[in-house]
Amino acid sequence: MSQTIVPRSTSSTGPRVRGGARRVANPDGMWPWLFVAPTLLGLAVFYFWPVIQTAYFSFTTWGVFGGSEFTGLKNWIDLLESGAVPRALVNTLLYTAMVLLGIPISIYIASLLNRPGLRFAAFYRVLFFAPFVSMQAAIALVWGMIFNSQYGILNQFLGIFGIPPVYWTSTEWVALIAIGIVGIWSTLGFNIIILGAGLRSIPAEMYEAARIDGASNWRQLLSITVPLLSPSIFFLTVLSVIRGMELFDLIFIMIGESNPIKGDTQSMVSLFYREAFIGNDKGTGAAIAILLMLIIGLLTVIQFWVQRRWLSFE
């Protein structure tokens, strides 16, 4: 008995895509878009549009009483010819590099706080984390008093050993080092919390096997802890670079506007503030803001490219 094979109809309910698969319609319709619409609207109004507007302003010149005139690349050419931008960029990169030094310090402290049997470990974590949630202005005021050359507690402590007073915030490179120390101190708590969570995810059996094989604590740190913490380290590296490039509060308060070295220690954001608000040159300020955004974006892309060589998810 012969059997007739009926071919499948190609004119059924749904359209077909390449490969014979049928495109499935979204059963939810527009409801998902309605739920994410407030977030998308907020991003468009408060993030994307200001960036576009600032980019346009960077090609304009503003008058004292308002009003703008399109001047093309004039602001960008003035930035390239000015020596203030390279100096501010170098200062910002040096501060960022010093803040990055806080990550290995945080790894060491986090490993100590995660040792089994350590008493009051939670209390220590709170002490380290407290500066991170404090206002940067308050931190700068307190450390400004500590670094004060006349009555600062740091110089009084150094005087016990016969060391003459150091002008921490009045000497160019010393001031940058002092600000970098404050930056490291204020970010240790956040780094320790992130790294501590990563340390608790590492199996204890790996350390036991390493100890049986005769590995020292230093070898365990380099061969087990650091490779398995690489995702957390990468996350903190990206955040530290972004925060370092946005340096403003510490310099503005600790150095001050009347300090003669303010021009030699200013950051990119400090330069933007002086051009846009003190000098009332909004076009140049917008150009500095866009330049800083591009530099941060470039550094982030480089970090994501480099992380392929050392990041481990095993």
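Isoleucine 192 is a good place to start in this predicted model: leaving aside residues up to four places away in sequence, isoleucine 192 touches Ser106, Ile109, Ala110, Leu113 and Phe128. Isoleucine 192 itself belongs to helix α8. Take its partner phenylalanine 128: the two are 64 residues apart in sequence, yet their C-alpha atoms are 7.8 Å apart in space. Is isoleucine 192 buried or exposed? With a relative accessible area of 3%, it counts as buried, because the cut-off for that label is under 20%.

Now turn to helix α6, which spans residues 136–146. Here Ile139, Ala140 and Trp143 are buried. Looking down the axis of α6, you would find its buried residues within an arc of 95 degrees, so they line one face of the helix. What covers them? The cover over the buried residues of α6 includes α5 (121–133), α8 and α12 (249–254). You have already met α8 as the helix that holds isoleucine 192.

Helix α8 also brings us to the largest pocket, where α8 (172–200) is among the helices that each supply at least two lining residues, together with α4 (102–113), α9 (204–212) and α10 (217–228). Which helix gives the largest share of that lining? It is α10, with 5 residues. The pocket has a volume of about 730 Å³, and 20 residues line it. If you want to find its centre on your screen, look for Ser111, Asn114, Arg115, Pro116 and Tyr207, the lining residues that lie nearest to it. As for chemistry, the lining divides into 10 nonpolar, 5 polar and 5 charged residues.

Technical notes. Residues are numbered from 1 along each chain as its sequence is written. This is a predicted model: local features need pLDDT of at least 70, side-chain atom pairs count only at pLDDT 80 or more; totals for chains, interfaces and linings use all residues. Side-chain values use heavy atoms; hydrogens and water are left out. On a 1 Å grid over the protein atoms alone, a cavity is a set of points where a 1.4 Å probe fits but cannot get out, and a pocket is an open set with protein on both sides within 12 Å along at least five of seven lines; lining residues have an atom within 4 Å of a point. Grid points are joined across faces, edges and corners, and a volume is the space filled by probe spheres set on the points. Helices (H or I, at least four residues) and strands (E, at least two) are DSSP runs, numbered from the N terminus. Ala, Val, Leu, Ile, Met, Phe, Trp, Tyr, Cys and Pro count as nonpolar, Asp, Glu, Lys and Arg as charged, and the others, Gly among them, as polar. Buried means under 20% relative accessible area, exposed over 50%, partly exposed in between (1.4 Å probe, protein chains only). Contact means heavy atoms within 4.5 Å. The arc is that of the directions from the helix axis to the C-beta atoms.
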